[in-house]
Amino acid sequence: MIFENKYIQQRIEKANTLKDAGYNPYANDSKRNTTIEKYLNVNSDVAEMENKRDEKRHYIVSGRIKFLRIMGKASFVKIEDESGMLQVYITRDNLPEGFYNEIFKKNIEVGDIIEVGGFPFVTGKGELSLHVDSFKLLTKAISPLPEKFHGITDKEIRYRKRYLDLIMNAEVRKTFQIRSRVISLTRRFFEDKGFLEVETPMMHPIAGGANAKPFVTHHNALGVDRYLRIAPELYLKRLIVGGFEAVFEINRNFRNEGMDATHNPEFTSIEFYWAYKTYKDLIEITKEYFQYLFEHLNLPTLLPYGDLEVNFANFQEIPLIESLTTVGGVPADVTKDKERIIAYLNEKGITVKPGMNLGQLQGELFDEFVEKKLIDPTFITEYPVEISPLARRNDEHPEITERFELFIAGREIANAFSELNDPIDQLARFEGQMAAKESGDDEAHEMDSDFVEALSYGMAPTAGQGIGIDRLVMLLTNEHSIRDVLLFPAMKPVQEENTKEDEE
RNA sequence: GUCCUGUUAGCUCAGCUGGUAGAGCACGUCACUUUUAAUGAUGUGGCCGAUGGUUCGAAUCCAUCACAGGACACCA
């Protein structure tokens, strides 16, 4: 039985006592007429009054009891609603005969949700409070809350029982409010720019648009397997073919890979595609987007992140090859030669998989020596074509693509490029990926011939970008684990014990 | 996937080189009409993550398993 714990039994007893005395422990006729935040704002003038009270005003507020201090015939109770915390002052003589001693003191406790009415006053210690003349239990909590001072710190409980984390930790609520604001602002920013929000399938016949292992599910009626999408890219580009010139989608992607501080199997991204633009335009709109977020979230330009300080007034732009030398300290002549890169990496104690091509090796150098050093926002541009199967080649230098990734605080935040719209080249790139897949790269991109056919009807020159919303929120809220910006991060199931006896 | 660390009361944590399981908060009872983690008195509360092993004796030592956190690998 899940309620066999003695503390819970005790509280169930209290709920029953209340019920027997005619007080519904789960009443629903709330008469609340203000929130705590509004109450505190509206009555802030009471402190200036002569008696430090205004008995002509009357408010009804509701909230969960977080602190309960009973002192004989009077009590101080701190209640909390979504907007804030309020101290209420309850006395025996201001409530109906017997209520205070028999009902309130014996059956109401921390965790219960109550509703109180009364007038504003300021205590001797200067705290604006509510002088209670009516009291009502709205909801009895039969499980006790965690300890009031330390709260709940066990990460496993915090993630598995997020509701407890939210009850106990105001700053966690704050983080998720900011997350919501970021998504809302993102939506508004792109809508204001004339982008159309669209929804494309979450279940794909071919897992395309990125290099990643998909989750597989099965559609019974069609008798086919489907893949949870790893990226919406190829569908969004089909819409550009169809004639929409600016589209975006904010939604979940799913990747069947390892989990750690920056990876969850389902994560949220925004992808947007913009016809008649290039990746250079994307750099500009990205800067504008950050400015917009910072302005509306009231964030400082010098944003602290852990031990770092990120200067959002200092956007840099460096071609990838150049960054290997200027940031990574790799000798320039090493960076353009396969064998020399392998030798250099080996010299630094890094072994590389056999059969890597030049572009992949340059990517390896970047990951190893550059990425972590990019603290202020940096657009790394001109990626090798071998590691950019969906990006447009540079006209003068066909071995590089018109692409950038944005790095902030040593972490990738966005990936963007001028889209490859040459169907013949796209087909060849897919074939290259197929070859890589056959030689063992199980994350190589899948062939999507329907997408190639779509391109064959002509996709206007287009630039597209993806931004990882979770990582962005981590950055803006100074959180260092993706689990702290996901309400319900992925966790292994815990197997129930003692279930044998309870079930037949 | 691999390695390291952790798992003791509802919560936060002690528990040495093996010898009857501890504190604070919470909860019960009593006192208290301006407290701020209220206070004072008093009491209840544990399959020491699970299963095996070593031992006269295991929360403690060993093995396996489960879950978590961190690091590495791969990815975003």
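Modeller: Buried, as the word is used for this predicted model, means a relative accessible area under 20%.

Biologist: With that cut-off in mind, what is the relative accessible area of R162, and is the residue buried or exposed?

Modeller: Because the limit for buried is under 20%, R162 has to be judged by its own relative accessible area. That area puts R162 among the buried residues, its value being 0%.

Biologist: Which residue forms a salt bridge with R162?

Modeller: The partner lies with R162 in helix α5 (residues 162-168), three residues apart, about one turn of the helix. The closest N and O atoms of the pair are 2.7 Å apart. The partner is also buried, with a relative accessible area of 0%, and it is D165.

Biologist: How many residues apart in sequence are the parts that R11 and E109 tie together?

Modeller: R11 and E109 form a salt bridge whose closest N and O atoms are 3.6 Å apart. R11 belongs to helix α1 (residues 6-20), whereas E109 sits in the loop between α3 (99-107) and β4 (113-122), so the sequence separation of the tied parts is 98 residues.

Biologist: Which helix holds both D425 and R429?

Modeller: The side chains of D425 and R429 meet in a salt bridge at 3.1 Å, N to O, and both residues are buried, D425 with a relative accessible area of 13% and R429 at 8%. They are four residues apart, about one turn of the helix, and that helix, covering residues 423-438, is α12.

Biologist: Which residues do salt bridges with shared partners join into one network?

Modeller: Two of the members have been met above, R11 and E109, as partners in a salt bridge. The whole network consists of R11, E109, K14, D112 and K140.

Biologist: Turning to the rings, what is the angle between the planes of Y23 and F99?

Modeller: A search of the whole structure finds 26 aromatic pairs, and one of them joins Y23 to F99 with 5.5 Å from centre to centre. Since planes over 60 degrees apart count as edge-to-face, the pair takes that label at its angle of 75 degrees.

Biologist: How are the rings of F76 and Y89 arranged: stacked, edge-to-face or tilted?

Modeller: Planes under 30 degrees apart would count as stacked and over 60 as edge-to-face, so anything else is tilted. The ring centres of F76 and Y89 are 4.8 Å apart and their planes stand at 40 degrees, so the pair is tilted.

Notes: Residues are numbered from 1 along each chain as its sequence is written. Chains are lettered from A and ligands numbered from 1 in the order in which they are written. This is a predicted model: local features need pLDDT of at least 70, side-chain atom pairs count only at pLDDT 80 or more; totals for chains, interfaces and linings use all residues. Side-chain values use heavy atoms; hydrogens and water are left out. A salt bridge is a side-chain nitrogen of Lys or Arg within 4 Å of a carboxyl oxygen of Asp or Glu. Helices (H or I, at least four residues) and strands (E, at least two) are DSSP runs, numbered from the N terminus. Buried means under 20% relative accessible area, exposed over 50%, partly exposed in between (1.4 Å probe, protein chains only). Rings of Phe, Tyr and Trp (its six-membered ring) pair if their centres lie within 6.5 Å; planes under 30 degrees apart count as stacked, over 60 as edge-to-face and the rest as tilted.
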